[in-house]
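Colleague: Please take me through this model, starting with the terms that I need.

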Amino acid sequence: QALSHHHASTASSHAPIGVMGEHVHKAGEWMLGYRFKNMYMNGNRDGNSRLKTSDVFARGYMVAPTSMKMEMHLFSLMHAPSDDVTLMAMVPYIQKSMKHKSRGVMGMRRRFTTRTRGIGDVKLSAIVKVCENEIHQLLLNGGISLPTGSISKKGHLANAAMGRMRLPYPMQLGSGTFDLLPGVTYLGHDDALGWGAQARAVARLGENRKDYQLGNEYGASVWCSYECAAWMSTSVRLDGQLWRNIDGFDSDVSARAVPTGDPHLRGGHRVDLLFGINLFGTDDTPVKGHRLAIEAGAPVYQHLDGPQLETDLIATIGWQYAF
């Protein structure tokens with residue numbers, strides 16, 4: 001128990017801030033958390049090849065997306081009713097903006113930007129400790145995503161005279177369906193070194209009210225960390241993601257005008273390399289229980305069912321307070 005408490009009270013005991021649901025608390029503990037995630041996409045890709053805007057137009061589209069920025073404010077609350085089970089709720093507030101170019105014919109604007117913002121899908125989950133010894137720990141993750149994010153956002157597209165129209169799938173804030181969130185997490189810790197791995201998935205349950213279903217998602221991470229001091233550690237992480245195309249379609253979204261409106265051009269897979277720093281308030285400091293962390297990186301490989309905007313930068317900064 002003393003070793004387990006020590007591991008929970010140092011910086012390297014925590015996974016990088018970009019990993020969700022990677023630890024349990026002692027019975028009766030609470031944790032408040034806030035994460036700010038920024039993702040930036042620039043330029044189009046089909047498979048492994050980058051495309052120019054002219055290449056997108058050459059495929060018959062009237063509009064081509066050129067870049068996108070997504071910001072998410074994620075608020076979380078964790079509580080442990082026992083030493084082996086921790087419950088977690090997460091509420092995201094999302095802001096998205098996407099820049100476009102058009103052919104500029106028939107009254108179309110040459111350049112325009114669409115924007116959305118609002119609450120995303122709320123997630124409720126449980127983290128269950130399966131086994132633990134002085135070095136290793138195995139956790140099971142299970143949860144559900146609630147369809148609280150809008151799938152009906154509208155905006156002005158290339159021809160502003162047509163009024164506000166339904167925005168394509170990447171600009172919506174939720175899935176519109178109840179989604180299962182299974183996962184498993186392994187953690188290791190020995191002196192100044194920490195390491196871990198996590199596998200996760202998002203399984204969609206049925207079609208939403210707009211007659212489509214976002215593709216299932218699968219992910220896996222491996223990481224290691226080094227404790228420079230009891231209050232600070234550094235980390236490196238590889239994160240792989242795979243996501244499927246959309247089943248069905250929203251009849252109010254055009255699949256021919258812009259690639260983002262085509263449900264068959266939403267799948268892909270990607271591997272990110274990320275570096276992080278953890279700062280932790282140890283028991284003998286005035287900031288006991290507080291954690292401040294940052295993680296940032298970029299893809300080292302991505303293959304997209306395009307034309308589709310490629311990801312160029314991912315960054316997460318977060319604060320947590322356990323009491």
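Modeller: Two strands are said to pair if DSSP finds at least two bridges between them. Strands themselves are DSSP runs of E with at least two residues, helices are runs of H or I with at least four, and both are numbered from the N terminus. This is a predicted model, in which local features need pLDDT of at least 70 and side-chain atom pairs count only at pLDDT 80 or more, while totals for chains, interfaces and linings use all residues. Residues are numbered from 1 along each chain as its sequence is written, and side-chain values use heavy atoms, with hydrogens and water left out.

Colleague: Which strand pairs with β12, and over how many bridges?

Modeller: Strand β12 (residues 193-205) pairs with strand β14 (residues 217-229) in the antiparallel sense, over ten bridges. In this pairing, Leu 193 has Tyr 226 of β14 opposite to it.

Colleague: And how many bridges hold β14 and β15?

Modeller: Twelve bridges link β14 to strand β15 (residues 232-243), again in the antiparallel sense. Ser 233 in β15 stands opposite Glu 227. The connection from β14 to β15 is a hairpin of two residues.

Colleague: New topic: how many aromatic pairs does the structure hold?

Modeller: There are three. Rings of Phe, Tyr and Trp (its six-membered ring) pair if their centres lie within 6.5 Å; planes under 30 degrees apart count as stacked, over 60 as edge-to-face and the rest as tilted. One of the pairs is Tyr 169 with Tyr 212, which is edge-to-face, with 5.0 Å centre to centre and 75° between the planes.

Colleague: Where do Tyr 169 and Tyr 212 lie?

Modeller: Tyr 169 is in the loop between β9 (164-166) and β10 (178-180), and Tyr 212 is in strand β13 (residues 212-213), so the pair ties together parts 43 residues apart in sequence. Buried means under 20% relative accessible area, exposed means over 50%, and partly exposed is in between (1.4 Å probe, protein chains only). Tyr 169 is buried at 8%, and Tyr 212 is buried at 2%.

Colleague: What about Tyr 321 and Phe 323: what kind of aromatic pair do they form?

Modeller: Tyr 321 and Phe 323 are stacked, at 5.4 Å centre to centre and 25° between the planes. Tyr 321 is partly exposed, with a relative accessible area of 26%, and Phe 323 is partly exposed at 45%.

Colleague: Which other residues share the nonpolar surface patch with Phe 323?

Modeller: Among them are Trp 30, Leu 77, Trp 231, Ile 294 and Trp 319, and the patch covers about 960 Å². Patches are made of residues with over 30% relative accessible area and no salt bridge; like charges are joined within 9 Å, and nonpolar side chains (Val, Leu, Ile, Met, Phe, Trp, Tyr) within 5 Å. Accessible areas come from the Shrake-Rupley method with a 1.4 Å probe, and for residues only the protein chains shown count as cover.

Colleague: Which strand gives the most to the nonpolar patch?

Modeller: Strand β18 does, with four residues. Strands β1 (30-47), β17 (268-280) and β18 (290-322) each supply at least two. Ile 294 belongs to β18 and is partly exposed at 41%.

Colleague: Now for charges: how many salt bridges does the count come to?

Modeller: The count is 14. A salt bridge is a side-chain nitrogen of Lys or Arg within 4 Å of a carboxyl oxygen of Asp or Glu. One of them joins Arg 45 and Glu 310 (2.7 Å, N to O). Arg 45 lies in strand β1 and Glu 310 in strand β18, so this bridge ties together parts 265 residues apart in sequence. Arg 45 and Glu 310 are both buried.

Colleague: Are Arg 270 and Asp 272 buried or exposed?

Modeller: Both are buried, and they form a salt bridge whose closest N and O atoms are 2.9 Å apart. In addition, Arg 200, Arg 237, Asp 239 and Glu 295 are joined into one network by salt bridges that share partners.

Colleague: Finally, how many disulfides does the structure hold?

Modeller: Zero. A disulfide is a pair of cysteine sulfur atoms within 2.5 Å. The sulfur of Cys 228 is 12 Å from the closest cysteine sulfur, in Cys 224, which is too far for a bond. Cys 228 is partly exposed at 42%.
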